[in-house]
Amino acid sequence: MTDLGRGYGPQGSEPWHPGDPAYGGQQDGQWQQYPQQGQQQAQYSQQQMPQQGQYPQQQMGQQDFQQQGYGQQGFPGGQEQYQQQGQYPQQGQYPQQGQYPQQQMPQQQMAQQGQYQQQMPQQGYPAQMQQAPQQVAPQPVPRQAEPVSGPGSDGIDWEAEAAALESGADPVAGHEPAEEQWDGHADGLHQDGEYLDEDGEHEAAGFLAEEDSSREAQKKRKEKGKKSGRRNGGACLLVALVLLGAMGGAGWWGYGFYQDHFGPPPDFTGDGTGTVQVEVKPGAVGAQVGLALKNAGVVKSVEAFSKACDAEPKCKNVQPGFYSLKKEMPAAAALTALLSGAGGDGLVIPEGKTSTEIYALIDGKLKLPPGTTAAAATSQIGTLGLPAYANGKIEGFLWPTRYNIADGMKPEVLLQQMVKNATDKYATLDGDAGKIGLKNGYEVVIEASILQREGNNEADFAKMARTIQNRLANENETHHTLGMDTTLQYSLGRKELASKDINDRSNKYNTYLNPGLPPTPISNPGDAAIKAVLNPADGKWLYFIAMSPTETRFAETGAEHKNNVKAYCEAAGQKLDQEGVHCTTK
């Protein structure tokens, strides 16, 4: 768009006249438009006044432009002529609508001034419109005085229009340019030299272009700011959520790393639930016990039990066995249960018990009907692992100790464990038997079984062992007989003895009449009795009697022994029999 109305030369605000120099007129039969000076020249060359009709654009090459007298820079007669005169040509009034086509600056000149030139599309016009129209001379317009400011006679304030164009603001109301068209480039450049942003709003064509300060532009910028703020706010929220998630994940990973490497070992809390049986094998300690507990679901980790075991000196006293424990127990509580259980679920066989008494203990522990274990021992005697010298007799081979009892255990399984323990203990007795005048290791077991059954105090075992050996060796007073009630009671299965029982020589267990040892052990001895037999005390004792669980009286002669028996019977409320050997109620 070119400036209409007033010039920028020395004349100031004087209006143009048709007769003035540089007033728009014909030259060489064509109407000319003169470019403005400096920045306006570059700015106006890319903008055109809105037209109410559509005029075909006539493109002028540089050569044609020079031929019509514009020179190298587009001035009539060359730029030098106007520099000498000290002024630039002024434009005259525009011709009436539809009388002549628009002309545009050559592209080369536009490129030198740093502006883009937009071309109106040529296609789509009638053929006669694409050709240069006939040039019609404008009618002279009488010169009329115009006010200094305000709209002209045509109702348009051309001065305000020019000022708006200079400042880059919107055109005067009612004179907005025609709808803008795209030039087809992908970079968003509009034909009026401006860019459109992603919302379809105008952006400055250049980095140093002036900002549009109109109300409409300000309103659009505010709306654009709100949209951008919402977008930025959403982006910030998303970034914050991502950062929080990353921080949370890093924190969780760090916590897990700390727990695995520096934190306390995993452990259960609470009192535990349910019941499970765990076997602690012989020789298992510390982590080995913890592994058994973890596999059974009692403790949460081996490390937790090991830590509890390190803090408790008694942990090394945990006995092997089967323990009934709760699941999911704290490691410290599991250790306490092991210590207090003294081996857990098990059966303790005391020393000196007979096989019949042991069978009853097994039935009770395994919750079996009475007689079940005795029947199993009789029916499966050949599978229990007895040595050949036992002659199929199980007495003396049920080694007294603690046995672990598992859920559903069979009695024969427990009997096999007892026999194996006894056989292992007796394996070396044959070599020691000859040192004490016995034939074999089996006789050692028989003698130890009598000691275990007769004695009440282990401290007296060595003296009792010497007394037995002295009686077996004595010819004159004892006649190589032991004279023990316990052997006869074992064979009869009762403690009360009558005169006929003592006088029955047919009973091989009647040591009053039959010399030497009974045919089998009469109980199941333990380590103390066997050790006493192999290591008897020195003495000439031929008699002994257990006065109480803590006192045993020994005598070298029969008369001394008779006094000890009498004292025993009186303490029990009984009388000494005629033989002076036993107590009687009569």
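Let me begin with helix α11, where Thr356 and Gly364 are exposed (over 50% relative accessible area, 1.4 Å probe, protein chains only). On the other side of α11 from these two, which residues of the helix are buried (under 20% on that scale)? They are Ser355, Ile358, Tyr359, Ile362 and Asp363, in a helix that spans residues 355-365. Viewed down the axis of α11, the buried residues fall within an arc of 140 degrees, taken from the directions from the axis to the C-beta atoms, so they line one face of the helix. An α-helix has 3.6 residues a turn, so residues three or four places apart point the same way. The buried residues of α11 pack against β9 (346-348), α12 (372-379) and α13 (411-426). Just after α11, Lys367 has a positive phi of about 60 degrees.

I should state that this is a predicted model, in which local features need pLDDT of at least 70 and side-chain atom pairs count only at pLDDT 80 or more, while totals for chains, interfaces and linings use all residues. Residues are numbered from 1 along each chain as its sequence is written, and side-chain values use heavy atoms, with hydrogens and water left out.

I turn now to strand β11, residues 543-548, where five of the six residues are buried. A hairpin connects β11 to β12 through two residues. The two strands pair (at least two DSSP bridges) in the antiparallel sense over five bridges, and Ala546 stands opposite Thr552 in β12.

Finally, the chain as a whole: of its 586 residues, 37% count as buried.

Methods: Helices (H or I, at least four residues) and strands (E, at least two) are DSSP runs, numbered from the N terminus. Contact means heavy atoms within 4.5 Å.
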